[in-house]
Amino acid sequence: MATIAAQGLGKSYGGKPAVTDLSFDVQPGSVTGFLGPNGAGKSTTMRLMLGLDNGVGRTTFDGRPFVELAHPMRHVGALLEAKPFHPTRKARNHLLMLAAANAIPRARVDEVLALVGLTEVAKAKPKSFSMGMGQRLGLAAALLGDPHTLILDEPANGLDPQGIQWMRVFLKSLAAEGRSIFVSSHLLSEMALMADHLVVIGRGRLIATGPVAEFVNSAQASAVVVRTPDASALAAALQSRGAQVEPGDDGTLVVRGLTVDAVGDLAFDEGVRLHELSTRVATLEEAFLERTAGSEEFQATGGGAA
Ligand SMILES: Nc1ncnc2c1ncn2[C@@H]1O[C@H](COP(=O)(O)OP(=O)(O)OP(=O)(O)O)[C@@H](O)[C@H]1O
């Protein structure tokens with residue numbers, strides 16, 4: 001069973017749809033990246049999942065909606081965009097209050113402060129915190145109940161490169177323990193390193209969901225590159241098997257629709273000599289830009305492709 005099952009989520013603001021009929025699953029033991037252009041509806045979706053926004057649809061955590069969980073913090077930890085802590089209440093005291101309200105042992109507070117690297121500043125007030133420290137405190141709060149599921153909206157916001165790397169290793173280790181991690185981020189190179197699965201939305205609608213590898217391999221930018229002195233013979237043979245073939249750089253052929261193994265086997269069967277046979281895998285950024293093209297809410301007129 002999927003740990004998180006979101007079904008038919010929807011929300012409009014003033015008649016304008018922000019999220020429309022959105023359904024997806026998040027499996028345990030993996031990091032699922034939640035991607036979409038600015039304004040695509042990621043934060044709204046996460047709020048809907050936790051019952052923090054009025055909307056339509058249903059999200060269950062191990063079969064039950066968030067509001068029906070007896071000890072929600074022990075099932076689901078959330079870090080959303082809004083800073084939930086009091087600016088002048090010391091970081092540790094903030095966590096102690098949360099722990100007390102949720103019947104979580106006090107000792108867990110110092111554990112989570114250490115986990116996120118805030119032990120040294122436990123007695124400081126969040127108003128003196130950098131954005132990255134604030135994110136770490138938010139993550140500490142999300143982890144208090146040792147939850148099986150984490151929902152994190154842009155947790156890497158404000159973190160320096162070391163912090164971003166730490167976050168990646170940390171979230172991957174939590175997933176490796178069997179937890180479900182659902183995390184949004186605009187840092188696509190980071191997401192490529194961290195996520196196993198993706199949920200990609202545009203204008204509030206599902207664009208793709210599945211393994212990261214499937215998403216990048218299905219991109220147009222992914223292809224088999226082949227170089228041969230018999231290009232026209234090979235191109236004809238490839239096209240007769242349904243492949244799309246385009247001329248590439250330096251006399252290569254760029255082939256889509258067949259695997260590298262199939263291209264190599266076909267060349268062998270046809271007696272065509274090959275001087276190069278390689279694959280080009282799209283980056284997550286290329287695949288993302290390709291699949292979300294036209295679904296950006298905010299399009300600038302300056303810049304563009306160089
Ligand atoms: N409280 C609100 N009132 C009115 N419109 C809202 C509100 N919150 C979000 N929206 C609108 O809903 C849409 C989705 O916004 P949302 O913040 O969920 O997107 P997002 O994918 O999280 O964006 P970003 O990547 O920029 O953080 C946008 O068009 C946004 O302007």
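## Ligand contacts

An oxygen atom of the ligand sits 2.9 Å from a polar backbone atom of Gly41, and another short approach involves Lys42, where an N or O atom of the side chain is 2.7 Å from an oxygen atom of the ligand. Thr44 takes part as well, with a polar side-chain atom that lies 2.5 Å from an oxygen atom of the ligand. Taken alone, the ligand exposes 630 Å², and the protein buries 65% of that area. These distances and areas should be read with the origin of the coordinates in mind, since this is a predicted model.

## The shell around the ligand

The ligand is surrounded by 15 residues, and the closest of them are Gly39, Gly41, Lys42, Ser43 and Thr44. By residue class, the shell divides into four nonpolar, six polar and five charged residues.

In terms of secondary structure, strand S2 (16-26) and helix H1 (42-49) each supply at least two residues of this shell. Helix H1 gives the most, with four residues.

## The chain as a whole

The chain contains 11 helices and 13 strands, and its C-alpha trace spans about 75 × 45 × 45 Å along the principal axes. Of its 306 residues, 46% count as buried, while the accessible surface comes to about 15000 Å², of which 52% belongs to carbon and sulfur atoms. Among contacts with a separation of 6 or more, 69% are between residues 24 or more positions apart.

## Nonpolar cores

The largest nonpolar core has 51 residues, and the members that touch the most others are Leu95, Leu171, Ile181 and Leu198. When neighbours within four places in sequence are left aside, Leu95 is in contact with Val109, Val112, Leu113, Leu137, Ala140, Ala141 and Leu144. A second, separate core comprises 21 residues, including Ile4, Leu9, Leu48 and Leu80.

## A buried arginine

Arg179 belongs to the loop between helix H6 (161-176) and strand S7 (180-184). Its relative accessible area is 14%, and because buried means under 20%, Arg179 is classed as buried.

Not counting residues up to four places away in sequence, Arg179 touches Pro28, Gly29, Ser30, Asp146, Pro147, His148 and Leu174. The last of these, Leu174, lies within the range given for helix H6 (161-176).

Note on methods
Residues numbered from 1 in each chain as written. Predicted model: local features only at pLDDT ≥ 70, side-chain atom pairs only at ≥ 80, totals over all residues. Heavy atoms only, no water. Buried < 20%, exposed > 50% of the residue type's maximum accessible area, 1.4 Å probe, protein only. Contact = heavy atoms within 4.5 Å. Near = heavy atom within 4 Å. Polar contact = N/O pair within 3.5 Å; in protein donor to acceptor, adjacent residues only side chain to side chain. Areas by Shrake-Rupley, 256 points an atom, 1.4 Å probe, with all protein chains shown as cover. Nonpolar A, V, L, I, M, F, W, Y, C, P; charged D, E, K, R; others polar. Core = buried A, V, L, I, M, F, W, Y, C linked by side-chain atoms within 4.5 Å.
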